[in-house]
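Trainee: I am new to this structure, and I would like to learn how to read its features one at a time. Could you guide me through some of them?

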Amino acid sequence: MKKRFLGLGCLGIIVIVVILLGAFAGLYAFSFNNTAVEYRADAETAWANVESSYQRRSDLIGNLVKTVQGAADFERSTLKEVVEARAKATSTSIDIDNISAEQLAQFQQAQTGLSSALSRLLVSVERYPDIKANQNFLELQSQLEGTENRINVERNRYNETVNIYDKYISKLPGKFFASWFGFEKMPRFKSNPGAEDAPDVDFQFD
């Protein structure tokens, strides 16, 4: 009889331990999910700010093209390159809920193409004193410079928030819950190959 009670006592202790471990795991899973949702939301907001900055640049470039078009003898091929690059950059969008490294690379490539076309346009303007002296052009030029800086800031912030999110869902034991809840890593912005050798775009004219 004593052995039976002893067996039941041990079984009871085991049951209690299992229940406590299950409760702890449930509470941890609940906490992990909420924190992961918060970190991913921060990354998504940071991405929205990146897109907003790129959209502002696109709008400014559109206005810049209209201003330059006022010069009847300006190189049409240069303007065409900018217009086409702008259209491609604008049409290359990303669904943040399904963002991948490939999508981000395509987006970055399109934006880089627009930057290159813009750089060639600004170099061409050097040969047109009337355009360089145009007050509207000078104002757009100044705003573009500020927007380029803002894009860099927002991209860095996006990478920082993604880094926090990625590290959180990659650490144990949260890594197991991340897979369970469907949390996946998000890609970061990376420098384009050869970017370290690329010439700077100078928005200032003498």
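Mentor: We will take aromatic pairs, buried residues, a surface patch and a peptide bond in turn, keeping in mind that this is a predicted model.

Trainee: How many aromatic pairs does a search of the whole structure find?

Mentor: Two rings are taken as a pair if their centres lie within 6.5 Å. Here the search of the whole structure gives 11 aromatic pairs. One of them is formed by Y39 and Y168, whose ring centres are 5.2 Å apart and whose planes stand at 85 degrees, an arrangement that is edge-to-face. Because Y39 lies in helix α1 (residues 2–68) and Y168 in helix α5, this pair ties together parts that are 129 residues apart in sequence.

Trainee: Which residues do ring pairs link into a cluster?

Mentor: The cluster is made up of F32, Y39, Y168, F177, W180, F181 and F183.

Trainee: Are Y39 and Y168 buried or exposed?

Mentor: Buried means a relative accessible area under 20%, exposed means over 50%, and partly exposed is in between. Y39, with 26%, is therefore partly exposed, and Y168, with 22%, is likewise partly exposed.

Trainee: What does L60 touch, leaving aside its neighbours within four places in sequence?

Mentor: A contact list with the sequence neighbours left aside points to the parts of the chain that come together in space. L60, a residue of helix α1, is buried, with a relative accessible area of 5%, and beyond those neighbours it is in contact with L140, Q143, L144 and T147. For L60 and Q143, which are 83 residues apart along the chain, the C-alpha atoms are separated by 7.6 Å.

Trainee: Where does S124 lie, and which residues does S124 touch beyond those up to four places away in sequence?

Mentor: S124 belongs to helix α3 (residues 101–125), and at 7% relative accessibility it counts as buried. Its contacts beyond those sequence neighbours are F74, E75 and T78, while a polar atom of the S124 side chain lies 2.9 Å from the backbone oxygen of R120.

Trainee: Which residues make a nonpolar surface patch?

Mentor: L11, V15 and I19 make a nonpolar surface patch of about 270 Å², and L11 is placed in helix α1.

Trainee: What kind of peptide bond joins L172 and P173?

Mentor: The angle to read is omega, which is about 0 degrees for the bond between L172 and P173, a cis peptide bond. P173 itself is found in the loop between α5 (135–170) and α6 (174–181).

Conventions: Residues numbered from 1 in each chain as written. Predicted model: local features only at pLDDT ≥ 70, side-chain atom pairs only at ≥ 80, totals over all residues. Heavy atoms only, no water. Helix = DSSP H or I, 4+ residues; strand = E, 2+ residues; numbered from the N terminus. Phe/Tyr/Trp six-rings, centres within 6.5 Å; stacked < 30°, edge-to-face > 60°. Buried < 20%, exposed > 50% of the residue type's maximum accessible area, 1.4 Å probe, protein only. Patch = residues over 30% accessible without salt bridge, like charges linked within 9 Å, V, L, I, M, F, W, Y side chains within 5 Å. Areas by Shrake-Rupley, 256 points an atom, 1.4 Å probe, with all protein chains shown as cover. Salt bridge = Lys/Arg side-chain N within 4 Å of Asp/Glu carboxyl O. Polar contact = N/O pair within 3.5 Å; in protein donor to acceptor, adjacent residues only side chain to side chain. Contact = heavy atoms within 4.5 Å.
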